[in-house]
Amino acid sequence: MHTALRFHNRADAGRRLAEAIGARSDDPVVLGLPRGGVPVAFELACCLHAPLDILLVRKIGAPGYPEYAIGAVVDGKNPQRVMNEDVLAYCGASLDYFEKEAARQFEEIERRRKVYLGDRPPTDLANRSVILVDDGIATGASVKAGLKALRQAGAAHITLAVPVAPRMVIEELKTQVDEVFCLSAPEDLQAVSLHYDDFKQTSDGEVTELLARTTYGDLPKS
């Protein structure tokens with residue numbers, strides 16, 4: 001893993017990830033974490049001639065402290081709950097509170113999926129090879145929840161592909177996946193955005209447009 005690498009934009013990062021991963025014979029499905037992970041995942045899916053879908057992750061915050069995660073919910077054909085039992089007990093949150101918050105976040109996930117994909121159902125990940133993609137990792141909280149949910153959903157082989165992430169986080173995530181491709185893993189990551197020339201916010205419209213495209217052989221012009 002290189003320690004210092006810059007990318008022109010998310011499309012460039014996706015193509016460079018594809019070069020690192022190379023040809024695959026396991027017929028993977030590529031999952032992008034919205035919103036920023038989708039342009040990266042789209043380029044990777046194009047290069048691999050693979051189907052593209054999204055993985056929506058919503059954090060469940062502690063009572064009175066919404067930024068303090070006690071778990072998460074993750075979409076899919078069989079939506080998953082990821083609970084941090086130690087944190088749940090520490091903050092005094094009840095299981096009833098967790099379930100009510102999970103239900104509320106599942107509703108938000110469903111709303112967002114319809115915005116991006118209309119009535120298209122989530123991909124069945126059971127016994128599939130999955131490549132989970134984001135545009136970069138800071139703390140890894142959303143990615144960790146997503147990876148755990150993919151295991152619970154029965155994915156046969158999980159690959160994590162990211163352009164940039166802290167070395168310590170990547171070392172931890174290696175224990176949760178079958179493969180990791182990280183192009184730049186600095187010891188001290190100040191901000192993901194600093195590794196891109198163009199890191200403008202990805203819009204809902206861009207996510208919807210990329211997911212609507214079904215031809216994976218031709219790379220889009222960046």
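Is glutamate 43 buried or exposed? Hold on to that one for a moment while I say hello to everybody. What we have on the screen is a predicted model, so please keep that in mind as we walk through it.

Here is the reply: glutamate 43 is buried, and its relative accessible area is 3%. Who does this residue pair with? The side chain of glutamate 43 forms a salt bridge with the side chain of arginine 15, at 3.4 Å from N to O. Glutamate 43 belongs to helix H2, residues 37-48, while arginine 15 belongs to helix H1, residues 10-21, so this pair ties together parts that lie 28 residues apart in sequence. Arginine 15 itself is partly exposed, at 23% relative accessibility.

If you are new to this, here is the general idea. Side chains of opposite charge can pair when their charged atoms come close. How many salt bridges does a search of the whole structure find? The count is 20, and I would like to show you a few others.

Please turn to helix H4, residues 95-117. Aspartate 96 and lysine 100 both sit in this helix, four residues apart, which is about one turn. Their side chains meet in a salt bridge of 3.3 Å, N to O. Aspartate 96 is partly exposed, with 47% relative accessible area, whereas lysine 100 counts as exposed, at 56%.

Next comes a pair from two separate elements. Aspartate 178 and arginine 151 join their side chains in a salt bridge, 3.1 Å from N to O. Aspartate 178 is in the loop between helix H6 (167-173) and strand E8 (179-184), and arginine 151 is in helix H5 (residues 141-152), so the bridge ties together parts 27 residues apart in sequence. Both partners are partly exposed: aspartate 178 has a relative accessible area of 39%, and arginine 151 has 36%.

Salt bridges can also be linked up here: Arg24, Asp26 and Glu179 form a network of them.

Now for the cysteines. How many disulfides does the structure hold? Zero. A disulfide is a covalent bond between the sulfur atoms of two cysteines. Take cysteine 46 as an example. The closest cysteine sulfur to its own is in cysteine 47, at 6.6 Å, and that is too far for a bond; the cut-off is 2.5 Å. Cysteine 46 is buried, with a relative accessible area of 1%, while cysteine 91 is partly exposed, at 27%.

Let's move on to strands. Strand E4, residues 65-74, and strand E5 run antiparallel, joined by four bridges. One of the partnerships to look for is glycine 71 with methionine 83 of E5. Between the two strands of this hairpin there are five residues, and glycine 76 takes a positive phi near 145 degrees. Which residues are on the covered face of E5, residues 80-83? They are Gln80 and Val82, with Arg81 and Met83 on the uncovered face.

One last stop, and then I am done. Glutamate 209 has its place in helix H7, residues 204-212. At 40% relative accessibility, glutamate 209 counts as partly exposed. Try finding tyrosine 116 as well: in sequence, glutamate 209 and tyrosine 116 are 93 residues apart, yet in space their C-alpha atoms are 8.3 Å apart.

Thanks for listening, and I am happy to go back to any of these spots with you!

Technical notes
Residues numbered from 1 in each chain as written. Predicted model: local features only at pLDDT ≥ 70, side-chain atom pairs only at ≥ 80, totals over all residues. Heavy atoms only, no water. Salt bridge = Lys/Arg side-chain N within 4 Å of Asp/Glu carboxyl O. Buried < 20%, exposed > 50% of the residue type's maximum accessible area, 1.4 Å probe, protein only. Pairing = 2+ DSSP bridges.
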